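Work through the exercises below with the sequence and the model open. Try each task before reading its solution.

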Amino acid sequence: MQKIRPCLWFDGQAEEAATFYVSVFGGDSRIEKVTGRPEGTESAGSVLTVEFVLAGQEYLGLDGGPQFHFGEAVSLSVDCVDQEEVDRLWAKLTEGGEESMCGWLKDRYGLSWQIVPRALPELLGGPDRARAGRAMKVMTGMRKLDVQALLDA
């Protein structure tokens with residue numbers, strides 16, 4: 001078990017969301033454990049928590065109810081090796097969700113993601129500061145990030 005793992009609060013959709021995320025990321029992704037609410041409690045037997053792994057990272061999904069919702073202040077950033085991975089993840093995660101700007105999106109559960117091609121941080125952090133500025137300017141006009149357009153900037 002990793003020392004720190006994000007806990008994602010859902011309203012009756014923790015198991016559904018975990019199953020969806022595992023299908024999106026595949027590979028080293030899986031549901032580890034589903035825990036139901038104990039007998040004698042409200043909604044006994046319904047899902048309380050889902051422990052799952054996405055690309056080797058552990059998460060806890062909590063079916064906590066309608067009190068809290070995801071917001072843009074916290075997002076999951078995904079390092080994508082190439083445009084193909086950006087395109088694939090963008091398509092799956094925006095299905096039923098919504099696109100935002102600069103590689104950000106909200107999935108169907110309201111969770112914010114950053115779908116980031118590996119080339120972007122290399123461009124923005126590289127020694128050519130003028131190129132970094134051009135890449136930043138191009139990026140701010142995009143929704144889904146286009147690796148070639150960033151490289152051409």
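**Exercise 1. Fold inventory**

Task: How many helices and strands does the protein have, and in what order do the elements run?

Solution.
- Step 1. Count the elements. This predicted model has five helices and eight strands.
- Step 2. Read them from the N terminus on. The order is β-α-β-β-β-β-α-β-β-β-α-α-α.
- Step 3. Add the dimensions. The C-alpha trace spans about 65 × 30 × 25 Å along its principal axes.
- Step 4. Add burial. Of the 153 residues, 37% count as buried.

**Exercise 2. The annotated domain**

Task: Which residues does UniProt assign to a domain, and what is the helix and strand content of that span?

Solution.
- Step 1. Take the record. The unreviewed UniProt entry places "domain: PhnB-like" at residues 2–116.
- Step 2. Take the composition. Residues 2–116 are 21% helix and 37% strand.
- Step 3. Compare the ends. The end C-alpha atoms of this span lie 24 Å apart.

**Exercise 3. Two helices**

Task: Find how α1 and α2 pack, and state whether they run roughly parallel or antiparallel.

Solution.
- Step 1. Locate the helices. Helix α1 covers residues 14–25, and helix α2 covers residues 83–94.
- Step 2. Take the geometry. The two helices pack at an angle of about 160°, with their axes 10 Å apart.
- Step 3. Apply the cut-off. Angles over 145 degrees count as roughly antiparallel. That makes α1 roughly antiparallel to α2.
- Step 4. Add the hand. The crossing of α1 and α2 is right-handed.

**Exercise 4. Aromatic rings**

Task: Classify the ring pair of Tyr 21 and Tyr 109, then place the two residues in the chain.

Solution.
- Step 1. Set the scene. The structure holds ten aromatic pairs.
- Step 2. Classify this pair. The ring centres of Tyr 21 and Tyr 109 are 5.9 Å apart and the planes stand at 80°, so the pair is edge-to-face. The cut-off for that class is over 60 degrees.
- Step 3. Place the partners. Tyr 21 is in helix α1, while Tyr 109 is in the loop between β7 (104–106) and β8 (112–117). They are 88 residues apart, and the pair links distant parts of the chain.
- Step 4. Check burial. Tyr 21 and Tyr 109 are both buried.
- Step 5. Widen the view. Ring pairs join Tyr 21 and Tyr 109 into a cluster with Phe 10, Phe 20, Phe 25, Phe 52, Tyr 59, Phe 70 and Trp 113.
- Step 6. Look for a charge. The charged end of Arg 108 sits over the ring of Phe 20, 3.8 Å from its centre.

**Exercise 5. Phe 52**

Task: Is Phe 52 buried or exposed, and how far is Phe 52 from Ala 18 in sequence and in space?

Solution.
- Step 1. Place the residue. Phe 52 is in strand β3, residues 47–54.
- Step 2. Check accessibility. Phe 52 has a relative accessible area of 1%, so this residue is buried. The cut-off is under 20%.
- Step 3. Compare the separations. Phe 52 and Ala 18 are 34 residues apart in sequence, yet their C-alpha atoms are 6.6 Å apart.

**Exercise 6. Positive phi**

Task: What is the sign of phi at Ala 55 and at Cys 102?

Solution.
- Step 1. Take Ala 55. Its phi is near 50°, a positive value in a residue other than glycine. Ala 55 lies in the loop between β3 and β4 (57–63). At 58% relative accessibility, Ala 55 is exposed.
- Step 2. Take Cys 102. Its phi is near 60°, also a positive value in a non-glycine residue. Cys 102 is in the loop between β6 (98–99) and β7. With 23% relative accessibility, Cys 102 is partly exposed.

**Exercise 7. The C-terminal helices**

Task: Place Leu 120, Lys 137 and Val 138, and find the accessibility of each.

Solution.
- Step 1. Leu 120 is in helix α3, residues 119–125. Its relative accessible area is 6%, so Leu 120 is buried. Leu 120 and Val 147 are 27 residues apart in sequence and 7.7 Å apart, C-alpha to C-alpha.
- Step 2. Lys 137 is in helix α4. Its relative accessible area is 68%, so Lys 137 is exposed. Lys 137 and Gln 57 are 80 residues apart in sequence and 32 Å apart, C-alpha to C-alpha.
- Step 3. Val 138 is in helix α4, residues 129–139. With a relative accessible area of 30%, Val 138 is partly exposed. Val 138 and Ala 153 are 15 residues apart in sequence and 6.8 Å apart, C-alpha to C-alpha.

Technical notes. Residues numbered from 1 in each chain as written. Predicted model: local features only at pLDDT ≥ 70, side-chain atom pairs only at ≥ 80, totals over all residues. Heavy atoms only, no water. UniProt positions renumbered as here; feature names shortened; annotations may be inferred. Helix = DSSP H or I, 4+ residues; strand = E, 2+ residues; numbered from the N terminus. Phe/Tyr/Trp six-rings, centres within 6.5 Å; stacked < 30°, edge-to-face > 60°. Buried < 20%, exposed > 50% of the residue type's maximum accessible area, 1.4 Å probe, protein only. Lys NZ or Arg CZ within 6 Å of the ring centre and 35° of its normal. Axes fitted to C-alpha atoms, helices over the stretch in contact; angles between N-to-C directions. Parallel < 35°, antiparallel > 145°, perpendicular 65-115°, else oblique. Left-handed = near helix turned anticlockwise from the far one by under 90°.
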